[in-house]
Every structure is written in structure tokens, then in C-alpha cells.
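Work through the exercises below with the structure open beside you. Try each task before you read its solution.

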Amino acid sequence: MNLNTLRKFRTPALRTSGHVRPDRAVDGQVLLETVGLTKSYAGADGELPVLGGIDLTVRAGEVVALLGKSGSGKSTLLRCLAGLVPASSGTVSYRGRALNGANPGTAMVFQNFALLPWLTVQQNVELGLEAQGWNAPDRAEAARQAIDLIGLDGFESAYPKELSGGMRQRVGFARALVVEPDVLMMDEPFSALDVLTAENLRGELMELWESGQFPTRAIVLVTHNIEEAVLLADRIVVLGSRPYGTVQAVFEVDQDRPRDRTAPAFEELIDQVYRTMTGRPKETRTPGRSTAVDRPTPANTPLPTASVDGLSGLAELVAHAGGRCDLADLADDLGLEVDDVLPLVDALDLLGLAAVGGNDLVLTERGTAFARADVQTSKTIFAMAAIGVPLVQLITSSLRQNPTGTLRAGFFRDVLAHHFTSVQVERQLETATDWGRYAELYSYDAEPQEYRLDENGLLGRQDDEPQQG
Ligand SMILES: Nc1ncnc2c1ncn2[C@@H]1O[C@H](COP(=O)(O)OP(=O)(O)OP(=O)(O)O)[C@@H](O)[C@H]1O
Ligand SMILES: [Mg+2]
């Protein structure tokens, strides 16, 4: 983010439209408050209680993370705070006034961006202002500044479908920030993005927030990701889900920003939160300690979204270039963003077919053989590599342990749901299906949604899974 864009945003244009905005809140002032908030939804079998007696305060100057497992009611609580759904009992107030309808002091960023596909970036960002009755020239100017602030300048007339996920979410941020909400509400805003894009956006967001020129006085972030909560929040509110959402614990994060993931205090807090959420200690990630605890699992080694075709294509390109090439140059030559190529790079790395050294992607011996082999041999090489990938291994060994050699996809979905959002779970299963099929480890039948061990497959008759390497 360049500082000039920040400075520009400070110009008072947003306040010259004749619309009176509430005074800037001083740090510490209570902006949002719930007292004894409960929420139930009407279900087929009567009322489904989702939130049970939540007391929560959000003050100016703080970033609050709502952390909890899937179904613990995080999104529901966020919607109650935003006044988008009414409380069943208890109160929700904004600046001391009980809400009755949409909260005028909040704006929301959604996991799946929620952009209108038939509108341009500029028009999507102007939407919120239109609803507030701004006139066209003021609207256009304010939107341009928000677009600039969030690093989207040049994309004003693009349509969402022309943008990468990261850029789409920038539109989501611009659309929320343009109304200068007191509280920016975010529901898993980074979880539909690939790892590096998410990391980049998080960093930029926090840089803006820290710069003090953010047009917003507090942030409420919903996440199921402990590390993200510790990275971003001043306070982490853990929601427990038994039998329905209640505040299970609150952690203050008294660490300077930008936070250092390798700092002992950072890791210690992650462990503490993890223990609270699961009732057991987290496997330590400290470098240099026993590798047994760093064993890759489906939970700590998510599958990148990369098809076998895609990663084979990349391996072939690198093989043609002599087995090593500069990633940025390669992306440039292909007219792609580096981000577009990264899931493929991650996949090759995870499979042990390539490694990243400095700026270069370098094929391993196995990767070179894979790229040069005929189809049948490349399948065998791929199978040997894929069986070492945690999710593929989990599916294969679970199928082997079941006498029928079949298992419902729902089994794996439930296992993964403890660690990932439903969107991420589906993407990973899609990748695991593609990889396992190509490797002839298992097949997948979409109708009963069932995996079946490939008994005649390349590795199907072996008793022991081959080791990677
Ligand atoms: N509109 C609705 N009608 C009925 N039930 C709902 C509704 N919205 C949510 N629920 C239920 O309320 C519970 C909490 O849902 P909510 O989406 O708030 O959880 P969450 O913590 O955000 O979960 P996730 O991490 O999966 O997004 C779930 O059991 C869900 O099925
Ligand atoms: Mg949710």
C-alpha cells in the first residue's frame, strides 16, 4: 500500500457530501454491546437454539476476533451485531442505543465476496453510498478513493468475473470501507483465498489499520483459524458450541504488530487457544524439535487447488526450461499472475516433484522423470508421490481398512470440517479425488458420493504403502 494513496484518503471528500456522520469515536468508547443475547432459528422440529446468553463489548480502537468451530454461531453473532437478524432475547446496541433493524455503524465483508456480477468494480463500491442517498458525483469520488486505498486503482471499470479472488475481495473491502463504518465486520474474509493471497491481504489490511488512517474505528473478524485470530486480533472471543454458542473463553492479545509468528509468546498463545477449543494440547511447531510431532496430517497440510493436468503442464514447462526456472518470469511469459501459478507450485512441492529455491522452481529427480515419462509411467510415479500426501493417504488407508473397500465422501467431509470451512473442504476433496483417480488409488462415484478402492490400481495390491522419497 503506498502512502500517497493513504494520504489522499485523508482528504475530507467523504465528509463534504452534506451527510452528517457521527463524530469519530475515541478509543475505548463502547461501540457495540450485547447483553444476554440469545438467538434461535425456527426449525422443522421446533426452535433451534444457536446463541445462548452472549455478553460482548466492542470498543473503539480494537480488533476483536470471534473464533469457533463450524456451527458455533459466529456468523449468527456477527449478523446480530450488524442488525441483519434480530435477537431472540437480550439486547444488541450501537453507541448505547438498542438496535432496531440494520446497524448504521457497521459494514460487512463476506467470505464469498458477495459482489453483483453485472456491475463494475466502481458500481459495486458505490452501492452502499447509493443506499444512503449520496448524489452521483460525491458517490463516484468517494468510491474512487476507497478503490485507490485498497489497491484497486485501474480496475474501476472491470467486472468481478475478470478479477482474481484476491482482487474480488479487495472490492469487498472497498465497498465496506467507502461508507466509513464505525465497525468493519468481516466473516471469514480470507478463507476463500489461496494461502499467499490471504497472507498478503491480511498484511495490507493490518498495515492500513495500524497507520491510523483507516476510515473505521473497530474491526470484528469472524474466523475458524486460530493463527489468524492471534495474528490480527487484540481480543479473541472463543465461542463454544455445546449445546449452543456461548462465550467459552476470552484472550487478550498483548503483542506488538506486525506480529512475529515465530515468537514464543505467539506460539504459546496459539497453544493456549487450541487447548481451550479442543481440550488437548496442540502439537508443537517449534523448529528443531522432534519431527515426530510435525508429522504431516490432513489438518496441517491442506491440498492446494491444482489438477493433475495443471501440475503436469507446469512440470513439463519447467522440464523444457532445463529443470529450473524463475517463477515470476515464467508467470510473466504466460501472461499470468504469480498467484495463479502458486497452487500448482505448492502441489508439485507437496508431491516432492519440485522444490522452490529462492525465486526458482526446481524439479526434483522424481519430478524430472514424471515430466518426461509416458502416460503409464507418469501415472506410476504420480501414484508413488500422491500416496505420501496426507489427505490422499487418509482416503486410501480408510478404504483399505473397510472390508467393502468403499466409504461415503461425508466421512472425509466431517473429518476435514474440524479444520476447514465448507468451501475449503469441498475444494480439497475435489483435488484429492482428481489425484487419487489419476494415481489409480481409488475411484469416486458422484451419485452415492462414494469413494471405492481401486483394487487393480497401480498400488492397490501392495500391503504396505510405499514410502516417499
Ligand atoms: N437462517 C438459519 N436458519 C436456520 N438455522 C440456521 C440459520 N443460520 C444458521 N443456522 C444454524 O445455526 C447454527 C450456527 O450457524 P452459524 O452459521 O452462525 O455458525 P458458524 O459458526 O458461522 O459456522 P461456520 O464456521 O460453518 O460458518 C448452525 O447449526 C446453522 O445450521
Ligand atoms: Mg459462519
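## Exercise 1: A sheet and its strands

Strand β3 pairs with strand β8 (residues 218-223) in the parallel sense, over five bridges. This is a predicted model.

**Task.** Find the residue opposite Ala65 in β8. Then place β3 and β8 in the order of the open sheet.

**Solution.**
1. Start at Ala65. Leu221 in β8 stands opposite Ala65.
2. Now read across the sheet. Its six strands run in the order β6-β7-β8-β3-β9-β10. The pairing is mixed.
3. Go to the edges. They are β6 (106-109) and β10 (246-252), and each pairs on one side only.
4. Check the twist. From one strand to the next it averages 20°.
5. Add the helix. α5 packs on this sheet and touches β6 and β7 (183-187). The direction of α5 makes about 175° with that of β6.

## Exercise 2: One residue in β3

**Task.** Decide whether Leu67 is buried or exposed. Then list what Leu67 touches.

**Solution.**
1. Locate the residue. Leu67 sits in strand β3 (residues 63-68).
2. Count neighbours. Leu67 has 27 C-beta neighbours inside 10 Å.
3. Apply the cut-off. A residue with 20 or more is buried, so Leu67 counts as buried.
4. List contacts, leaving out residues up to four places away in sequence. Leu67 touches Thr223, His224, Ile226, Ala229, Ile236, Val237 and Val238.
5. Compare sequence with space. Leu67 and Asn225 are 158 residues apart in sequence, yet 7.2 Å apart from C-alpha to C-alpha.

## Exercise 3: The nonpolar cores

**Task.** Which residues have the most contacts inside the largest nonpolar core?

**Solution.**
1. Take the core of 70 residues, the largest one.
2. Name the residues with the most contacts inside it: Ala65, Leu66, Ala146, Ala174, Met185 and Val220.
3. Find the main contributor. Helix α5 (residues 165-177) gives the most, with six residues.
4. Look elsewhere. Another core, of 47 residues, lies apart from the largest one and includes Val345 and Leu348.
5. Link to a general tendency. In soluble globular proteins, nonpolar side chains tend to be buried together.

## Exercise 4: Around the ligand

**Task.** Which element gives the largest share of the shell around ligand 1?

**Solution.**
1. Pick out shell residues. Among them are Tyr41, Gly73, Lys74 and His224.
2. Note the elements that give two or more residues: β2 (46-59) and α2 (74-81).
3. Choose the largest share. It comes from α2, with three residues.
4. Sort the shell by type. Three residues are nonpolar, eight polar and one charged.

Technical notes: Residues are numbered from 1 along each chain as its sequence is written. Chains are lettered from A and ligands numbered from 1 in the order in which they are written. This is a predicted model: local features need pLDDT of at least 70, side-chain atom pairs count only at pLDDT 80 or more; totals for chains, interfaces and linings use all residues. Helices (H or I, at least four residues) and strands (E, at least two) are DSSP runs, numbered from the N terminus. A residue is buried if 20 or more other C-beta atoms lie within 10 Å of its own, exposed if 12 or fewer, and partly exposed in between; C-beta atoms are placed from the backbone. Two residues are in contact if their C-beta atoms, placed from the backbone, lie within 7 Å. A residue is near a molecule or strand if its C-beta atom, placed from the backbone, lies within 6 Å of it. Ala, Val, Leu, Ile, Met, Phe, Trp, Tyr, Cys and Pro count as nonpolar, Asp, Glu, Lys and Arg as charged, and the others, Gly among them, as polar. A nonpolar core is a set of buried Ala, Val, Leu, Ile, Met, Phe, Trp, Tyr and Cys residues joined through C-beta atoms within 7 Å. Two strands pair if DSSP finds at least two bridges between them. Axes are lines fitted to C-alpha atoms, for helices over the stretch in contact, and angles run from 0 to 180 degrees between N-to-C directions.
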